[in-house]
Amino acid sequence: MGFADQRFNVNLSILFTELPLLERPAAAAAAGFTAVELWWPWVDSPVPERYELDALKRAIEDAGVQLTGLNFYAGQLPGPDRGALSIPGEESERFRANIDVAADFAASLGCTALNALYGNRVEGVDPAEQDALALENLVLAARAADRIGAVLLIEALNRPESPLYPLASAPAAVEVVDKVNEATGLGNARFLMDLYHLSMNGEDLPAVIERFASKTGHVQIADNPGRGAPGTGSLPLEDLLDQLNKAGYDGWVGLEYKPGERPSTEAFDWLAR
């Protein structure tokens, strides 16, 4: 098979960031992509003004690309934060305020995957208290996703770059997926398998794919080391994606890598058009 047989979308929160947000969908389309995904674009606002939502919706529609993935509000990302839903107090409240806003925006564009980043451990707060809060908020998010016919994605990050993030392995993230599905009975919580993060954790990627492909709702890639485009590091990404296909994964593969010291338009030379 190989790269040519995959369905790639481009993450507009890490690629094309040299452009204003509203110009990125058209740039992705010009680069040959038909689908895009986004982290929550308004890092300071879980509930942005209607005109901001409308402008982004219009930019995506005018570009002729499909929004296939969207993060819920996650705090300062990029930045020090790794999500809000397990943070007691104001951040948890901001996440809850965002749930229906994000779900309704996704629904308006036919997006059927919503990613909920768990959040960092907080000094002085009992981890069990954070986990209980996280489950409450993830249940709310799963119900909102179900309302629009979407899956709720739960992602493992990597320990070296996110030392306070507790879901730092595939089994840790899948354990939360299972708890959410058990709590809701909806079955729409799924694992977001980011091969870069898992490789940074030193996980056995073929074994992870074999064990968890059936619970995977989305895949993201970057090479390692460096979090650059495929071919800039040493990960056998083509082989790993082939293994995922053979294991039954037929969804989108998100390109969530850094373009390096070049314009994003030049960061796709590894991908035959």
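**Exercise 1. Burial and pairing of Trp 42 and Phe 105**

Determine whether Trp 42 and Phe 105 are buried or exposed in this predicted model, and describe the geometry of the aromatic pair that Trp 42 and Phe 105 form.

*Solution.*
Step 1. Both Trp 42 and Phe 105 are buried.
Step 2. A pair of aromatic rings is described by the distance of the centres and the angle of the planes.
Step 3. For Trp 42 and Phe 105, the ring centres are 6.4 Å apart and the planes meet at 85°. An angle over 60 degrees counts as edge-to-face, and the pair is accordingly edge-to-face.
Step 4. Trp 42 belongs to the loop between strand 2 (35-38) and helix 2 (50-63), whereas Phe 105 belongs to helix 3 (residues 90-108). The two residues are 63 residues apart, and their pair links distant parts of the chain.

**Exercise 2. Other aromatic arrangements**

State how many aromatic pairs the structure holds, which residues form one aromatic cluster, and which residue lies over the face of Trp 252.

*Solution.*
Step 1. The structure holds 11 aromatic pairs.
Step 2. One aromatic cluster is formed by Phe 3, Phe 8, Phe 16, Phe 33, Tyr 257, Phe 268 and Trp 270.
Step 3. The face of Trp 252 has Arg 7 over it, at 4.5 Å from the ring centre.

**Exercise 3. The annotated active site**

Identify the residues that UniProt lists for "active site", and establish how they are placed in space.

*Solution.*
Step 1. The unreviewed UniProt entry lists Glu 155 and Glu 256 under "active site".
Step 2. These residues are spread over 102 residues of sequence, yet they cluster in space, with a largest C-alpha distance of 13.3 Å.
Step 3. The lining of the largest pocket includes both Glu 155 and Glu 256.

**Exercise 4. The surroundings of Glu 155 and Glu 256**

For Glu 155 and Glu 256, give the place in the chain, the burial and the side-chain polar contact.

*Solution.*
Step 1. Glu 155 is found in strand 5 (residues 151-155). Glu 256 is found in the segment after strand 8 (253-255).
Step 2. Glu 155 counts as buried because its relative accessible area is 5%, under the cut-off of 20%. Glu 256 is likewise buried, with a relative accessible area of 3%.
Step 3. Leaving aside residues up to four places away in sequence, Glu 155 touches ten listed residues, among them Tyr 165, His 197 and Glu 256. With the same exclusion, Glu 256 touches residues including Trp 39, Glu 155 and Arg 227.
Step 4. The side chain of Glu 155 makes a polar contact with the side chain of Asn 115 (3.1 Å). The side chain of Glu 256 makes a polar contact with the side chain of Gln 220 (3.5 Å).

**Exercise 5. Two serines in loops**

Classify Ser 162 as buried or exposed, explain why Ser 45 is given its accessibility class, and locate both residues.

*Solution.*
Step 1. Ser 162 lies in the loop between strand 5 and helix 5 (170-184). Ser 45 lies in the loop between strand 2 and helix 2.
Step 2. Ser 162 counts as buried because its relative accessibility is 4%. Ser 45 has a relative accessible area of 23% and is therefore partly exposed, a class that lies between 20% and 50%.
Step 3. Apart from neighbours within four places in sequence, Ser 162 is in contact with Arg 82 and Leu 157. Ser 45, with residues up to four places away not counted, touches Trp 40 and Arg 94.
Step 4. Ser 45 and Arg 94 are 49 residues apart along the chain, and their C-alpha atoms are separated by 8.3 Å.

Technical notes
Residues are numbered from 1 along each chain as its sequence is written. This is a predicted model: local features need pLDDT of at least 70, side-chain atom pairs count only at pLDDT 80 or more; totals for chains, interfaces and linings use all residues. Side-chain values use heavy atoms; hydrogens and water are left out. UniProt positions are given in the numbering used here, feature names are shortened, and annotations may be inferred rather than shown by experiment. On a 1 Å grid over the protein atoms alone, a cavity is a set of points where a 1.4 Å probe fits but cannot get out, and a pocket is an open set with protein on both sides within 12 Å along at least five of seven lines; lining residues have an atom within 4 Å of a point. Helices (H or I, at least four residues) and strands (E, at least two) are DSSP runs, numbered from the N terminus. Buried means under 20% relative accessible area, exposed over 50%, partly exposed in between (1.4 Å probe, protein chains only). Contact means heavy atoms within 4.5 Å. A polar contact is a pair of N or O atoms within 3.5 Å; within protein, one must be able to donate a hydrogen and the other to accept it, and residues adjacent in sequence count only if both atoms are side-chain atoms. Rings of Phe, Tyr and Trp (its six-membered ring) pair if their centres lie within 6.5 Å; planes under 30 degrees apart count as stacked, over 60 as edge-to-face and the rest as tilted. A charge sits over a ring if NZ of Lys or CZ of Arg is within 6 Å of the ring centre and within 35 degrees of the ring normal.
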